[in-house]
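This briefing introduces a structure for a reader who has not seen it before. Please keep the sequence and the three-dimensional view at hand while reading.

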Amino acid sequence: MAAKKVYFEDVNVGDNIPELVKPPIDETQLVMYAGASGDFNPLHTVHAFGEKAGFGGVIAHGMLSMGFVGQVMTDWVGNKALAKLSVNFRTITKPKDVVTCKGTITKKYSEGDRNLVDVDLVAQNQKGEKTIVGKATAVLPSKS
Amino acid sequence: MLDKSKIGKEYPEIRFEVEKGKIREFARAIGDKSPVYYDEEAAKEEGYEGLVMPPTFPTTFTAFSITGGGLFRIIDDLKIDLIKVLHGGQEYEYVKPIKPGDTVTGKTKILDMFEKSGKGGTMDFLVLETTYSNQDGEKVLIDRSTVIIRN
């Protein structure tokens, strides 16, 4: 799963980055993510709380989905390349949802000796609803 | 309605020690199998000094701060009912690598508060910013978080 080297010269505005399809969210994963992240908001792990909050049960941590969006970037260019990652959460994600992350290069430019690309990111569920829209900036190596 | 006199308020320092075990646990919870999160040798082959932090790992800094802190402290201070809280947005600017063995510190500041009207009525927005430095005093990360309070 190691990221292949992606060179600045090989990418263009409009290119899509390789898609990431995650396995269905399950409730055990939400418990694991609560423990790992320290977000113990009971909305994500306690059914009664999720019902009281009006969601009919538990919902996934937004940050778990942002983690998937981070992964689609690091799978593509590796960790060192990532300079910025930002997301807005649009629709809630629930257990059994299948999240797919996609990205498209929107800008290719240089700043000083750094070669950069901006990427528009989206995470969507199996119904095609956007759960996250985001942006990333990555620093890519040059062949020269 | 949030108390706008608290815009600019800074909360006490957050301190977090970056550990390999926590990185592995975090990557596993996301279901990210990249070896750079689990295997030091594999990370070195990829050109890193050792295990690497997943991009959203800094969410643990506030939650597991050894000096206390975290979002719940701010929610309490602003007298917000937790059941109304949703995460609206999150932004990370990676300034320098954060590695196992590092101690990162930062203070969270209330950057902005505003209201927006939508389908479901008015919602309050709270924007928080935390700039983290490492043990050598180098700036490593800027974290901006938007919290939505449903009314």
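**Where the two chains pair**

Ser86(A) stands opposite Glu91(B), a residue of β2(B). The model in which this pairing appears is a predicted one. The two residues belong to a pairing in which β2(A) and β2(B), the latter covering residues 85-94 of chain B, run antiparallel to each other over five bridges.

**The sheet**

- Ten strands form an open sheet with antiparallel pairing, and their order is β1(A)-β3(A)-β4(A)-β5(A)-β2(A)-β2(B)-β5(B)-β4(B)-β3(B)-β1(B).
- At the edges of this sheet lie β1 of chain A, residues 16-21, and β1 of chain B, residues 14-17, each of which pairs on one side only.
- From one strand to the next, the twist averages 20°.

**A pairing within chain B**

- In chain B, strand β4, made of residues 121-133, pairs with strand β5, made of residues 139-150, in the antiparallel sense over 11 bridges.
- Within chain B, Ser133(B) has Lys139(B) of β5(B) standing opposite.

**The contact between the chains**

- Chain A contributes 34 residues to the contact, while chain B contributes 29 residues.
- On the side of chain A that touches chain B, at least two residues come from each of α1 (27-37), α3 (62-77) and β2 (82-89) of chain A.
- Of these elements, α3(A) gives the largest share of that side, namely 10 residues.
- By residue type, the side of chain A that touches chain B consists of 17 nonpolar, 13 polar and four charged residues.

Definitions and conventions. Residues are numbered from 1 along each chain as its sequence is written. Chains are lettered from A and ligands numbered from 1 in the order in which they are written. This is a predicted model: local features need pLDDT of at least 70, side-chain atom pairs count only at pLDDT 80 or more; totals for chains, interfaces and linings use all residues. Two strands pair if DSSP finds at least two bridges between them. Helices (H or I, at least four residues) and strands (E, at least two) are DSSP runs, numbered from the N terminus. Axes are lines fitted to C-alpha atoms, for helices over the stretch in contact, and angles run from 0 to 180 degrees between N-to-C directions. Two residues are in contact if their C-beta atoms, placed from the backbone, lie within 7 Å. Ala, Val, Leu, Ile, Met, Phe, Trp, Tyr, Cys and Pro count as nonpolar, Asp, Glu, Lys and Arg as charged, and the others, Gly among them, as polar.
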